[in-house]
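Keep the sequence and the 3D view side by side. We will walk through the strands, then the surface, then the cysteines.

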Amino acid sequence: MVHTYSLNGYYIAVDGNSGAIHFLDKMAFDMLQGETQFPLLANIKDKLNERYAVAELEEVYHEIEQLHNDEMLFSKAENLEAAIREKPVNHALKALCLNVAHDCNLRCDYCFASEGDYQCGRTLMSTEVALKAVDYLLQESKGRRSIEIDFFGGEPLMNFDVVKEVVSYGRSLEKKMDKSFYFTITTNGTLLDDEKINYINQNMDNVVISIDGRKDIHDAVRHDQKGRGSYARILPLAQRLVAGRNGKSYFVRGTFTARNKDFSKDVMHLFDQGFSEVSVEPVVGAGRDFHFIEADVSEIMSEYDKLALLYLERIIEEPQLRFYHFNIDVFKGPCLYKRVTACGAGYEYLAVSPEGLLYPCHQFVGQDGFSVGDINNGIVNQSLCEYFEQTNILKKEACSECWAKLFCSGGCHANAFFSNGSILEPNEVACKLQRKRIECAIMIQAAKIDKGV
């Protein structure tokens with residue numbers, strides 16, 4: 001299938017089965033718009049001969065025809081399936097998310113982890129369990145040199161000594177095991193101090209700091225047990241940490257809800273506070289007044305269009321604003337296999353609970369029926385791991401006819417499960433927002449090419 005759209009004066013076509021992106025002139029756009037299969041020249045002439053000269057129509061049509069012959073327009077789904085089957089892939093484990101703290105000093109209203117304890121009781125991961133998890137990753141990552149450990153919670157800074165033990169232990173084994181560790185930590189930032197900031201900047205390859213945007217928006221949902229907002233505490237600490245990154249990766253990561261559908265203001269607020277790497281995500285779930293419903297979609301999509309235009313104004317500044325969902329490279333990107341299979345949850349990526357249980361990802365921790373094993377015995381529920389591995393865009397009915405599938409890779413398994421009770425059924429509201437983000441991201445790339453940015 002081919003998706004055509006216009007945005008900010010650009011005319012764009014995306015081939016859903018190859019991922020090919022085409023920046024069009026108005027005539028080519030008019031030819032392709034509304035076509036569900038490659039059109040016949042006679043039909044194009046009938047449709048457009050009152051608007052364009054026949055000779056020009058024929059010339060542009062033959063250019064489009066060549067793209068079709070090259071499998072870059074109206075390509076077949078069978079070609080995608082064949083390409084995946086032919087590619088040899090290493091399915092060995094490559095990343096662990098260590099939930100080092102099932103506890104948190106904040107009580108954020110929308111927390112998917114039940115305010116930090118995952119409905120499992122408040123507890124911290126022991127050094128013994130943490131180091132066994134490192135050994136497990138080393139053992140199960142055969143054929144991979146680069147491996148990753150993400151420190152997560154709850155709030156991982158509540159168990160900072162164990163974080164440091166893991167980093168030290170992992171680094172001590174890199175040369176011996178011919179491995180290279182990539183360490184990431186996700187934090188609400190409230191427990192940062194000079195010691196932790198310096199340690200994180202020296203030892204963490206990436207850091208994610210949770211800030212939702214404007215003070216009133218942030219404090220309304222990200223507060224402590226007494227209801228006190230955390231913005232004033234987090235902001236200066238996050239600014240100090242980011243100032244010391246010296247080129248290392250980081251993200252300031254926010255969540256927007258139905259209460260702040262004008263979230264472009266929060267993105268720009270974060271940029272104005274000195275954060276150039278920003279990710280602001282829609283809240284996940286349903287049933288509370290801050291969750292989205294179908295009626296919100298049109299307003300949110302318009303807000304993404306607004307954000308895209310604001311974003312274009314800021315990319316010529318130094319430092320440039322980089323909004324996570326707009327960072328699509330139309331020239332280079334993930335290999336086809338990764339586009340089909342997405343994050344690798346359940347087989348390439350696992351989460352470890354404080355007691356050492358293994359789960360398909362951090363969002364499934366504590367969920368009944370989703371433990372796949374433990375760090376002492378390895379995978380014991382192989383069928384569940386295989387189910388996650390096989391659940392890709394080729395198996396999801398909703399994805400099969402979606403033009404955006406090679407850019408979103410089928411969406412988040414956890415979001416699908418918590419919305420629809422099945423990882424095979426993506427959340428339709430989330431899908432609509434993702435498609436809009438992809439449209440904006442592609443348009444931005446076209447604009448950057450024009451601007452020479």
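Two strands pair if DSSP finds at least two bridges between them. Hold on to that rule as you look at this predicted model. Strand β10 covers residues 249–256, and it pairs with β11 in the parallel sense over five bridges. Two positions help you find this pairing. Valine 252 stands opposite valine 278 in β11. Arginine 253 stands opposite serine 279, again in β11.

How do you get from β10 to β11? Helix α10, residues 264–272, belongs to the route: β10, α10 and β11 make a right-handed β-α-β unit.

Now turn to the other pairing of β11. Strand β12 is short to write down: residues 322–323. β11 and β12 pair in the parallel sense over two bridges. Look at valine 278 again. Its bridge partner in β12 is phenylalanine 323, while valine 252 stands opposite it in β10.

Is β11 buried or exposed? Buried means under 20% relative accessible area. Six of the six residues of β11, 277–282, are buried, so the strand is largely enclosed by the rest of the structure. Check both directions. Glu277, Ser279 and Glu281 point one way. Val278, Val280 and Pro282 point the other way. The residues on both sides are buried.

Step back to the whole sheet. It is open, has 11 strands and shows mixed pairing. Which order do the strands take? Read across: β12-β11-β10-β9-β8-β7-β4-β13-β14-β15-β16. At the edges stand β12 and β16, the latter at 378–379. Each has a single partner strand, so one side of each is left without a neighbour in the sheet.

Move along that order to β4, which sits between β7 and β13. β4 spans residues 95–99, and five of its five residues are buried, so it is largely enclosed by the rest of the structure. Both of its faces are covered. Ala95, Cys97 and Asn99 lie on one side, with Leu96 and Leu98 on the other.

Each neighbour of β4 can be traced through a residue pair. Strand β7, residues 146–152, pairs with β4 in the parallel sense over five bridges. There, the bridge partner of alanine 95 is glutamate 148. Strand β13, residues 349–352, also pairs with β4 in the parallel sense, over four bridges. Here leucine 98 stands opposite valine 352.

Next, go to the surface. Which residues make a nonpolar patch there? They are Phe23, Phe331 and Ile449, and the patch is about 330 Å². Isoleucine 449 has its place in helix α17, residues 428–451. Its relative accessibility is 42%, so isoleucine 449 counts as partly exposed.

Last come the cysteines. A disulfide is a covalent bond between the sulfur atoms of two cysteines. How many disulfides does a search of the whole structure find? The search finds zero. Two cysteines show why. For cysteine 108, the closest cysteine sulfur is in cysteine 104, and at 6.1 Å it is too far for a bond. Cysteine 108 is buried, with a relative accessible area of 9%. For cysteine 440, the closest cysteine sulfur is in cysteine 408, and at 15 Å that is too far for a bond as well. Cysteine 440 counts as buried too, at 0% relative accessibility.

Methods
Residues are numbered from 1 along each chain as its sequence is written. This is a predicted model: local features need pLDDT of at least 70, side-chain atom pairs count only at pLDDT 80 or more; totals for chains, interfaces and linings use all residues. Side-chain values use heavy atoms; hydrogens and water are left out. Buried means under 20% relative accessible area, exposed over 50%, partly exposed in between (1.4 Å probe, protein chains only). A crossover is right-handed if, with the strands pointing away from the viewer, the path from the first strand over the helix to the second runs clockwise. Patches are made of residues with over 30% relative accessible area and no salt bridge: like charges are joined within 9 Å, nonpolar side chains (Val, Leu, Ile, Met, Phe, Trp, Tyr) within 5 Å. Accessible areas come from the Shrake-Rupley method with a 1.4 Å probe; for residues, only the protein chains shown count as cover. A salt bridge is a side-chain nitrogen of Lys or Arg within 4 Å of a carboxyl oxygen of Asp or Glu. A disulfide is a pair of cysteine sulfur atoms within 2.5 Å.
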